[in-house]
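Welcome! Please take a moment to look over the structure shown here before reading on.

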Amino acid sequence: MLDKVHAHILDELRINARTDTIFIIASILINFTTLAINSAISGTASGGNILIMFCFVLLTIVVCIVSEIGLIRGRQASAKLIKGLIEIYRDNGVEKYYDTTLLGHYKLKYNLFMLVILVTGIIAIIVPFIALSL
């Protein structure tokens with residue numbers, strides 16, 4: 001039974017990592033797409049174009065918020081799953097083979113991903129409006 005629990009936790013970690021990857025890639029692609037479209041639109045400013053720009057800004061904000069929440073939940077889930085693995089390893093006397101400092105590395109990795117999403121989102125929103133005002 002222990003092997004099945006171990007395999008299940010590892011599967012959950014893989015699924016969690018895939019989901020996090022989807023959040024990261026999707027949000028960055030949306031941010032760069034918004035940046036490109038709004039930058040192109042800002043060159044021919046009119047009332048309708050500005051409304052379109054704001055629609056893409058709204059899309060960027062929503063995608064960034066959803067991605068950030070998803071990554072926060074993913075970080076929490078990963079920490080819980082890894083702590084479960086550590087307990088299994090501890091109970092079986094093999095915990096010395098898993099360096100628990102990796103938990104801090106995972107937290108840093110998640111924070112860096114969240115920062116990339118936030119910065120690309122801010123740039124995608126601000127740069128076209130700067131170009132519009134020039």
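The report below goes through two nonpolar cores, a pair of aromatic contacts and one serine.

## A predicted model

Please keep in mind that this is a predicted model.

## The nonpolar cores

A good place to begin is the largest nonpolar core, which has nine residues: I9, L13, L81, I82, L85, I86, I88, Y89 and Y98. Helix 1 (2-42) and helix 2 each give at least two residues to this core. Helix 2 provides the largest share, with six residues. As general background, nonpolar side chains in soluble globular proteins tend to be buried together.

There is also a second core, separate from the one above and made up of seven residues. Among them are I24, L71, Y110 and I117.

## The aromatic pairs

How many aromatic pairs does the model have? The count comes to two. In one of them, the ring centres of F54 and F129 are 5.1 Å apart and the planes meet at 40°, so this pair is tilted. Because F54 belongs to helix 2 and F129 to helix 3 (residues 102-133), the pair ties together parts that lie 75 residues apart in sequence. Are these two rings buried or exposed? F54 has a relative accessibility of 47% and therefore counts as partly exposed. F129, at 23%, is also classed as partly exposed.

The other pair joins Y89 and Y98, and it is tilted as well, with 6.2 Å from centre to centre and 50° between the planes. Buried means under 20% relative accessible area, so Y89 counts as buried at 17%. Y98 is buried too, with a relative accessible area of 18%. Both tyrosines are members of the largest nonpolar core.

Which residues does Y98 touch, leaving aside its neighbours within four places in sequence? They are I82, I86, Y89 and Y106. Of these contacts, I82, I86 and Y89 also appear in the largest core.

## A closer look at S67

Now find S67, which sits in helix 2 (residues 47-91). Its relative accessibility is 3%, so S67 counts as buried.

What does the side chain of S67 reach at 3.4 Å? The partner is the backbone oxygen of F23. Not counting residues up to four places away in sequence, S67 touches F23, S27 and I117. One of these, I117, belongs to the second nonpolar core.

Key. Residues are numbered from 1 along each chain as its sequence is written. This is a predicted model: local features need pLDDT of at least 70, side-chain atom pairs count only at pLDDT 80 or more; totals for chains, interfaces and linings use all residues. Side-chain values use heavy atoms; hydrogens and water are left out. Helices (H or I, at least four residues) and strands (E, at least two) are DSSP runs, numbered from the N terminus. Buried means under 20% relative accessible area, exposed over 50%, partly exposed in between (1.4 Å probe, protein chains only). A polar contact is a pair of N or O atoms within 3.5 Å; within protein, one must be able to donate a hydrogen and the other to accept it, and residues adjacent in sequence count only if both atoms are side-chain atoms. Contact means heavy atoms within 4.5 Å. A nonpolar core is a set of buried Ala, Val, Leu, Ile, Met, Phe, Trp, Tyr and Cys residues joined through side-chain atoms within 4.5 Å. Rings of Phe, Tyr and Trp (its six-membered ring) pair if their centres lie within 6.5 Å; planes under 30 degrees apart count as stacked, over 60 as edge-to-face and the rest as tilted.
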